[in-house]
Amino acid sequence: RVASSEELRRAQRFSDLALALPELLHQLHARVAETTPGTAADESSRAMLHDTYRLVANVGGHFRRADIAAAASERHVQLAAAMGDPLRIALSDWHRSTLFLRHGLYSAGARLLERALAQLPAAAGDPQAGGMAAQLHLRSAVMAARSGDADRAEDHLREASERVTAGCSATPFPNTDASRLNVDVHWCAVPVEMDDGTESVRRAATVEIADRTRPERVAHHHIDQARAWLLHGDRERSLDELHQACRVSPQQTRMHPSVHETVRGIADADRRTTGTLAGFARWAGIHL
């Protein structure tokens with residue numbers, strides 16, 4: 001059931017996932033209570049509970065329920081510390097850094113990620129540790145870009161790319177992505193975070209971001225490219241990227257704050273609302 005819940009997340013079926021998680025949490029708490037501390041069954045149960053709380057935090061963020069996301073984040077951080085697994089502690093730090101991004105606390109978020117990287121076990125020869133390091137570097141690149149530190153952002157992108165090239169685990173834990181595709185998505189996204197749409201669309205022209213099994217990453221790339229094309233001055237192409245994101249992952253696109261920001265940006269730049277733009281705005285619940 002934990003695995004099927006992760007598949008719902010990968011498919012971006014957040015409504016179905018939100019309905020499934022309460023009962024799953026109830027069963028996992030019962031399972032943890034019934035296992036003998038320190039046994040393999042106890043470790044397995046706590047690991048599944050940790051992954052499920054991260055899913056709850058993900059769903060809370062998607063539906064803009066900061067209270068649910070914060071409570072679930074606190075639970076999985078405490079659980080990781082109690083388990084004493086350095087990789088899961090780093091995993092919780094990576095997941096918690098989403099809150100720092102959401103609230104614009106980039107310096108604090110960068111310090112959190114730097115500490116997580118410093119406390120990771122040596123990644124050499126350990127695919128799971130290497131994958132976790134790559135994931136932390138990708139998030140750090142976004143933090144640095146939003147802080148305006150282009151050099152630091154590129155350093156983190158290079159570190160992540162080197163670990164992926166070395167053969168790290170592409171999915172060190174459920175709800176993580178240390179793949180080449182995700183490195184490319186971040187490589188194209190970093191210039192957007194620094195308001196350089198021209199560089200972002202240049203980079204995007206050199207890579208192919210397409211994978212039917214990864215709608216979240218592919219849709220996110222199109223959402224980023226919509227922002228990039230708007231910054232570049234091509235509002236028609238920007239709207240086309242939003243439509244592509246919608247075809248790949250409708251729920252994610254409808255709820256994503258960057259989509260709302262981009263739609264309003266297109267409308268403001270045109271000083272008028274086209275029929276196509278108005279139709280998209282109505283579908284996404286955006287008032288122009």
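In this predicted model, Gln 225 touches Cys 188, Ser 200, Val 201, Ala 204 and Glu 241, leaving aside residues up to four places away in sequence. Gln 225 itself lies in helix H11. Its relative accessible area is 2%; because the limit for a buried residue is under 20%, Gln 225 counts as buried. Its side chain also makes a polar contact, at 3.0 Å, with the side chain of Ser 200.

Ser 200 leads to helix H10, where Ser 200 is one of the buried residues. The others listed as buried in H10 are Gly 197, Glu 199, Val 201, Arg 203 and Ala 204. Helix H10 spans residues 197-204, and six of its eight residues are buried, so this helix is largely enclosed by the rest of the structure. The enclosing partners can be named: the buried residues of H10 pack against helix H8 (150-165), helix H9 (180-193) and helix H11 (215-232).

Attention now turns to the nonpolar cores. The largest one has 18 residues, of which Leu 87, Ala 90, Leu 120, Met 132 and Leu 136 touch the most other members. Helix H5 (86-102), helix H6 (106-119) and helix H7 (127-146) are the elements that give two or more residues to this core. A second core, separate from it, comprises 17 residues, including Leu 17, Leu 21, Leu 28 and Leu 79.

Within the largest core, Leu 87 may be followed further. With residues up to four places away in sequence again set aside, Leu 87 touches Leu 120, Pro 121, Gln 128, Ala 129, Met 132 and Phe 173.

Technical notes: Residues numbered from 1 in each chain as written. Predicted model: local features only at pLDDT ≥ 70, side-chain atom pairs only at ≥ 80, totals over all residues. Heavy atoms only, no water. Buried < 20%, exposed > 50% of the residue type's maximum accessible area, 1.4 Å probe, protein only. Helix = DSSP H or I, 4+ residues; strand = E, 2+ residues; numbered from the N terminus. Contact = heavy atoms within 4.5 Å. Polar contact = N/O pair within 3.5 Å; in protein donor to acceptor, adjacent residues only side chain to side chain. Core = buried A, V, L, I, M, F, W, Y, C linked by side-chain atoms within 4.5 Å.
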